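The following paragraphs lead through one structure, moving from a single loop residue to the sheet, the helices and the cysteines.

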Amino acid sequence: KKAIANGGKILFPELGLGHAQETMLRVEESIRIGEIPKIPVYIDGMIWDINAIHTAYPDFLSATVKNQIFQDNNPFVSDIFKRVGSPAERKEVLEGGPCLIIATSGMLVGGASVEYFKNLADSEKNVIVFSCYQGIGSLGRQVQEGIKEVHVDSERVHIKMQVETLAGLSS
């Protein structure tokens, strides 16, 4: 809430299969019941494609989510989620107002999350939230452990953003 009030962006680097969908369900519920303000939630990377598979095979999901899908109330396609499908759309997200971004890869070792990280790291008003395991030696682990400057794709990145970890959400 503080990041949103300060005009910041919140980045969730996520694993594309399973973990991202759990995060989406939690975010959707939190916005729906008013725990957090209704802000745009952008989904970037292969998460959207995996959501389609979950929607096509709801029998393998929890009874609650399966029932929502069968009742045309699919939480994976809620109107709060906006798909980011191109570099131009990613630029719009970065230039826009407060938002929450769920992007792959979860350990910042590639994918859309690295692009967002490079652009958001230099501002104290932004937050990165790690909710999945960060492998030893990964950029995600280094950030989680408090490194203040890294080189990513031959760019020097100063890390001023807040770093948070949600423990207990990874097996």
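In this predicted model, T104 touches a set of residues that lie more than four places away in sequence: E14, L15, G16, D44, G45, M46, I47, G110, G111, A112 and S113. T104 itself is placed in the loop between β4 and α6. Is T104 buried or exposed? T104 counts as buried, because its relative accessibility is 9%, below the 20% limit for that class.

The sheet comes next. Six strands form an open sheet in the order β3-β2-β4-β1-β5-β8, and their pairing is parallel. Which strands are at the edges? They are β3, residues 81-84, and β8, residues 162-165, each of which pairs on one side only. From one strand to the next, the twist averages 25 degrees.

At the β3 edge, strand β2 (residues 41-44) runs parallel to β3 and is joined to it by four bridges. Within this pair, Y42 stands opposite K82 of β3. Helix α3, residues 47-56, packs on the sheet here and touches β2, β3 and β4 (99-103). The direction of α3 makes about 125 degrees with that of β3.

Towards the other edge, strand β1 (residues 9-13) is joined to β5 by two bridges, and these strands also run parallel. I10 stands opposite V127 in β5. On its way to the edge strand, β5 is joined to β8 by four bridges, again in parallel. V129 has E164 in β8 as its bridge partner. How are the two faces of β5 (residues 127-130) placed? Both are covered: V127 and V129 point to one side, I128 and F130 to the other, and all of these residues are buried.

Two helices can then be taken as a pair. Helix α5 (residues 87-95) packs against helix α6 (residues 112-120) at an angle of about 35 degrees, and their axes are 11 Å apart. The crossing of α5 and α6 is right-handed. On the α5 side the contact is made by R90, V93 and L94, and on the α6 side by A112, E115, Y116, N119 and L120. By class, the residues of this contact divide into five nonpolar, one polar and two charged. One of the α6 residues in the contact, A112, is also among the residues that T104 touches.

The cysteines follow. How many disulfides does the structure hold? It holds zero. A disulfide is a covalent bond between the sulfur atoms of two cysteines. The sulfur of C99 has its closest cysteine sulfur in C132, but the separation is 19 Å, and therefore too far for a bond; the cut-off is 2.5 Å. C132 is likewise in no disulfide. C99 counts as buried because its relative accessibility is 0%. C132 also counts as buried, because its relative accessibility is 5%.

A last residue lies in a helix not yet described. T64 belongs to helix α4, residues 63-70. Why does T64 count as exposed? Its relative accessible area is 56%, and exposed means over 50%. T64 and R156 are 92 residues apart in sequence, and their C-alpha atoms are 45 Å apart in space.

Key: Residues are numbered from 1 along each chain as its sequence is written. This is a predicted model: local features need pLDDT of at least 70, side-chain atom pairs count only at pLDDT 80 or more; totals for chains, interfaces and linings use all residues. Side-chain values use heavy atoms; hydrogens and water are left out. Buried means under 20% relative accessible area, exposed over 50%, partly exposed in between (1.4 Å probe, protein chains only). Axes are lines fitted to C-alpha atoms, for helices over the stretch in contact, and angles run from 0 to 180 degrees between N-to-C directions. A crossing is left-handed if the near helix is turned anticlockwise from the far one by less than a right angle, and right-handed if clockwise. Contact means heavy atoms within 4.5 Å. Ala, Val, Leu, Ile, Met, Phe, Trp, Tyr, Cys and Pro count as nonpolar, Asp, Glu, Lys and Arg as charged, and the others, Gly among them, as polar. Two strands pair if DSSP finds at least two bridges between them.
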